[in-house]
Amino acid sequence: MSNIRDFLENAGLYVEVEFSPSDFDDMIFYFSQQLYERPIKCYCRDCDESLIFYSETVEACDTVRTKMIPTGAIVSMGAGRSADEATANMLKRRYCLQFRCSQDKSHKLLFDILVLDGKIVKIGQYPSYADISAGEIKKYKPLLKGQLFFDFRRAIGLYANGIGIGSYVYLRRILENLVLSKYTQHKNDISATEEEFGLHHFDEKIKDLEGFLPNSLVQRRSLYGIISMGIHELDEEKCREMFPIIRTGIELILDEELASREREMKEKEVDRLVSNMATGKSSGIEKMG
């Protein structure tokens, strides 16, 4: 597992994420009642922007007997214990976390987490992953033409409810469309012919477009080989695992396009201002004459 913060921010419901003893310090930091400023960054739908949220309350219960457990003791569970003892103390716990918005403390985020045998699972969230993502992705609507923006929202909604293959199918369609669009835009500068490009596996297509796609996407193109796999070769767990990676790849392409458009607008504005200034100077000189 990368870290708890990433898990809280990006995991959909029912996605089982493996953890190891090396993750204990991070888990203790987020799951204890100690007064830590435990931050995560999420879109606040009330403020209508991405903001830092800080942990406010943590409750824990035994998932077998649903008996509340004082979480103040959890902070010391790793001290002086073996990895096996620390694991046993953390397992079979349900953690309910509440976060407050850094801009308005009345705006809350709630998470319901299960820690199982070597795995951690998000079983509840409010506002939902889909609700939060809806605000995050609205900036992409001008770039995702026709049905693609609605496909993006639908994919996120399915993933938020733990549906792997269904959400993956929509994301694959979007990513394939964006990559094909890049090829069409730059095919005169690419060595692969249209026929060759069409026959390439998806990771090879990304390589073909090196220099026209975000570097991080090109460098990690092997991860996107899954796009070339048939639906019958996939399973729910693998698709749920890959969802954040494919979504990030899509957003990297779109963010680069947004930045390019903004740069073009600023360049046009500079040209306009310089032209106006030159015209003004010329008129001034004529008037003085």
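In the predicted model, His 232 is exposed, with a relative accessible area of 73%. His 232 lies in the loop that runs between helices H9 and H10. Across a sequence separation of 67 residues, the C-alpha atoms of His 232 and Ile 165 are 10.0 Å apart. The loop that holds His 232 also contains Asp 235, being the connection between helix H9 (215-219) and helix H10 (236-288). Asp 235 has a relative accessible area of 42% and is therefore classed as partly exposed.

Asp 235 takes part in a negative surface patch, together with Glu 18, Glu 237 and Glu 241. Of these patch members, Glu 18 pairs with Lys 119 of strand E7 through a bridge. The strands concerned are E1 (residues 16-18) and E7 (residues 119-126), which run antiparallel and are joined by three bridges.

Strand E7 is also paired with strand E6 (residues 108-115), in the antiparallel sense and over six bridges. Within this pairing, Leu 114 stands opposite Val 121 of E7, and Leu 110 stands opposite Tyr 126 of E7. E6 and E7 form a hairpin with three residues between the strands, in which Gly 118 adopts a positive phi near 80 degrees.

On its other pairing, E6 is matched with strand E5 (residues 93-101), again antiparallel, over eight bridges. Phe 99 has Leu 109 in E6 as its bridge partner. E5 and E6 likewise form a hairpin, with six residues between them. With respect to solvent accessibility, six of the eight residues of E6 are buried, so this strand is largely enclosed by the rest of the structure. In a regular strand, side chains alternate between the two faces of the sheet.

Asp 112 is one of the charged residues examined in this region, and at 14% relative accessibility it counts as buried. The side chain of Asp 112 forms a salt bridge with Arg 94, with the closest N and O atoms 2.6 Å apart. This contact links distant parts of the chain, since Asp 112 belongs to strand E6 and Arg 94 to strand E5, 18 residues apart. Arg 94, at 31% relative accessibility, counts as partly exposed. The Asp 112–Arg 94 salt bridge thus joins a residue counted as buried because its relative accessibility is 14% to one counted as partly exposed at 31%.

Salt bridges were then considered for the whole model. The count comes to 18 salt bridges. Side chains of opposite charge can pair when their charged atoms come close. Among the salt bridges is that of Asp 151 with Arg 173, where the closest N and O atoms are 3.1 Å apart. This pair too links distant parts of the chain, with Asp 151 in helix H5 (residues 148-160) and Arg 173 in helix H6 (residues 164-186), 22 residues apart. Asp 151 is buried, its relative accessible area being 2%, whereas Arg 173 is partly exposed, with a value of 41%.

A further salt bridge, with an N to O distance of 3.6 Å, is found between the side chains of Glu 236 and Arg 240. Both residues belong to helix H10, and because they are four residues apart, about one helical turn separates them. Glu 236 is counted as partly exposed at 31% relative accessibility, while Arg 240 is counted as buried at 16%. In addition, Glu 136, Arg 247 and Glu 251 are joined into one network by salt bridges that share partners.

Helix H10 also contains Val 270, which is partly exposed, with a relative accessible area of 46%. Val 270 contributes, with Val 274 and Met 277, to a nonpolar surface patch of about 270 Å².

Note on methods:
Residues are numbered from 1 along each chain as its sequence is written. This is a predicted model: local features need pLDDT of at least 70, side-chain atom pairs count only at pLDDT 80 or more; totals for chains, interfaces and linings use all residues. Side-chain values use heavy atoms; hydrogens and water are left out. Patches are made of residues with over 30% relative accessible area and no salt bridge: like charges are joined within 9 Å, nonpolar side chains (Val, Leu, Ile, Met, Phe, Trp, Tyr) within 5 Å. Accessible areas come from the Shrake-Rupley method with a 1.4 Å probe; for residues, only the protein chains shown count as cover. A salt bridge is a side-chain nitrogen of Lys or Arg within 4 Å of a carboxyl oxygen of Asp or Glu. Lys and Arg count as positive and Asp and Glu as negative; His and the chain ends are not counted. The place of a charge is taken as NZ of Lys, CZ of Arg, CG of Asp or CD of Glu. Helices (H or I, at least four residues) and strands (E, at least two) are DSSP runs, numbered from the N terminus. Buried means under 20% relative accessible area, exposed over 50%, partly exposed in between (1.4 Å probe, protein chains only). Two strands pair if DSSP finds at least two bridges between them.
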